[in-house]
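Good morning, colleagues. Please bring up the sequence and the three-dimensional view, and I shall take you through the model region by region.

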Amino acid sequence: MSGALARDAAAQQRAALIADALAGLSAHPKTLPCKWLYDAEGARLFEEITRLPEYYPTRTETKILTEQAAAIAAAIGPGAAVVEFGPGDGAKGALLMAGLQDPAAYVPVDIAPEWLEGAASRVAVARPGLPVLPVVADFTQGFALPKRLGAAPRLGFFPGSTIGNFEPAEAVAFLSRAHGTLGRGARMLLGADLVKEAAVLEAAYDDAAGVTAAFNLNLLRRLNREAGADFALTAFRHRAVWNDRLERIEMHLVSRQAQRARLAGREIRFAEGETIHTESSHKYRPDRLAALAGAAGWRAAAMWTDPAGLFSVWLLEG
Ligand code: AVJ
């Protein structure tokens, strides 16, 4: 990207952040979209989270993809063109591609071009000679696949339980839009975290080392830097709570006291104990996940899990 284009994109991002923050912080209860957690520091902290002893999802899913690689590859069959929605560092994409029979191409899709380079090169190393065709697009919206894929059978790949960040209705909308993007006869390999004991979930989102707390509080630091805000970081604390009715872990920033902050020239007031809801991570029971996929026009063809039943990887058929 040229310097001017990059500056344009950054200015647009900042405007969107400010608009979201003003809307979310004047709502009751206060909320902020979780996508803003991932600035450079947030991405670094998330990477650190994935290695924490309490945070089981990444290592469990990786173990399933590793140990079941042959079964997964057999179910998918040869010649697949794999489209990964939000590839992150490309570690899981590389793992999947290494195990598949004679894949046709790897297509990482992300709105942030800087994320795509790392993922693309990681897969290129894991699978030398494989066509890697990055697409810069917001994967929550429809987008066009590279023409070069031709008639290769399409496989969507959406690991990490990122599906859990959507409200269930949004998850259905996402899965059905992805179906439209991938086309008739496509399949989808989907990672989904499972409902389990509240104590295990709460520890995974409120670790002893305080990394998840730093990840959550970094959102206020970002607003101070990019949205002209003046949040006192020590005046808020991190809370992770299991919402039993909605079957999701919620992250909140709790105001330790009655206080005011300024953001983009506006005043935001907080009562003592008032929270900003910054993320929901929905957990699924297998039957609910199958129903969700069904509502989006997919059929569950296979499901793999770990011996403790912590996490699930699904093969959906269109
Ligand atoms: C990257 C969205 C899957 O919800 O588990 C980790 C993000 N938030 N710890 C998750 C997250 C707090 C993560 N996802």
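Is Ser161 buried or exposed? Ser161 counts as buried, because 22 C-beta neighbours lie inside 10 Å, and the threshold for that label is 20 or more. I should say at once that this is a predicted model. Ser161 sits in the loop between S5 and H7, and its phi is near 60°, a positive value in a residue other than glycine. As background, most residues other than glycine have a negative phi.

Ser161 also brings us to the ligand. The residues around the ligand include Ser161, together with Gly160, Thr162, Gly164 and Asn165. The others in that list are Ile49, Pro57, Tyr205, Thr212, Glu279 and Ser281. By class, this shell divides into 3 nonpolar, 7 polar and 1 charged. Both domains take part: domain 1 and domain 2 each supply at least three residues to the shell.

Let me now turn to those domains. The domain assignment gives domain 1 as 3-54 + 198-282 and domain 2 as 68-196 + 285-317. Their centres, taken over C-alpha atoms, are separated by 27 Å. How many residues of domain 1 are in contact with domain 2? There are 8, and they meet 5 residues of domain 2. On the domain 1 side, the elements that give two or more residues are helix H8 (198-204) and strand S11 (275-282). Of these, S11 gives the most, with 4 residues. That side of domain 1 divides into 3 nonpolar, 3 polar and 2 charged residues.

I continue with helix H7, which covers residues 168-182. Its 15 residues should span 21 Å at 1.5 Å a residue, and its end C-alpha atoms are indeed 21 Å apart. Which residues of H7 are buried? They are Ala171, Phe174, Leu175, Ala178, His179 and Thr181. Seen down the axis of H7, these buried residues fall within an arc of 165°, so they line one face of the helix. What they pack against is strand S2 (81-85), strand S5 (154-158), strand S6 (187-193) and helix H10 (286-295). Just after H7, Gly183 takes a positive phi of about 95°.

Helix H6 invites the same treatment. H6 comprises 14 residues, 113-126, and reaches 20 Å from its first C-alpha to its last, close to the 20 Å expected at 1.5 Å a residue. Within H6, the residues Trp115, Ala119, Arg122 and Val123 are buried. They cover an arc of only 95° around the axis, and therefore lie on the same side of H6. The face turned away from that buried side carries the exposed residues Pro113, Glu114, Glu117 and Val125. The cover over the buried residues of H6 includes helix H5 (91-99) and strand S3 (105-110).

Next, two individual positions with contacts from elsewhere in the sequence. Leu52 is placed in the loop between helix H2 (40-49) and helix H3 (56-67). Why is Leu52 called partly exposed? The reason is its count of 17 other C-beta atoms within 10 Å, since partly exposed lies between the limits of 12 or fewer for exposed and 20 or more for buried. Leaving aside neighbours within four places in sequence, Leu52 is in contact with Asp207, Ala209 and Val211. Leu52 and Ala209 are 157 residues apart in sequence, yet 8.5 Å apart in space, C-alpha to C-alpha.

The second position is Ala300, in strand S12 (residues 299-305). Ala300 is likewise partly exposed, with 17 other C-beta atoms within 10 Å. Not counting residues up to four places away in sequence, Ala300 touches Ala290, Ala293, Trp314 and Leu316. The C-alpha atoms of Ala300 and Trp314 are separated by 6.9 Å, and these two residues are 14 residues apart along the chain.

Finally, two further points of backbone geometry. Glu247 has a positive phi of about 50° although it is not a glycine. Glu247 is found in the loop between strand S7 (236-243) and strand S8 (248-255), and is partly exposed, with 16 other C-beta atoms within 10 Å. Where is the cis peptide bond? The bond joins His28 and Pro29, with omega about -5°. Pro29 lies in the loop between helix H1 (3-25) and strand S1 (30-31). For context, most peptide bonds are trans.

Thank you for your attention.

Key:
Residues numbered from 1 in each chain as written. Predicted model: local features only at pLDDT ≥ 70, side-chain atom pairs only at ≥ 80, totals over all residues. Expected span 1.5 Å × (residues − 1). Arc of directions from axis to C-beta. Contact = placed C-beta atoms within 7 Å. Near = placed C-beta within 6 Å. Nonpolar A, V, L, I, M, F, W, Y, C, P; charged D, E, K, R; others polar. Domains from an automatic or database assignment.
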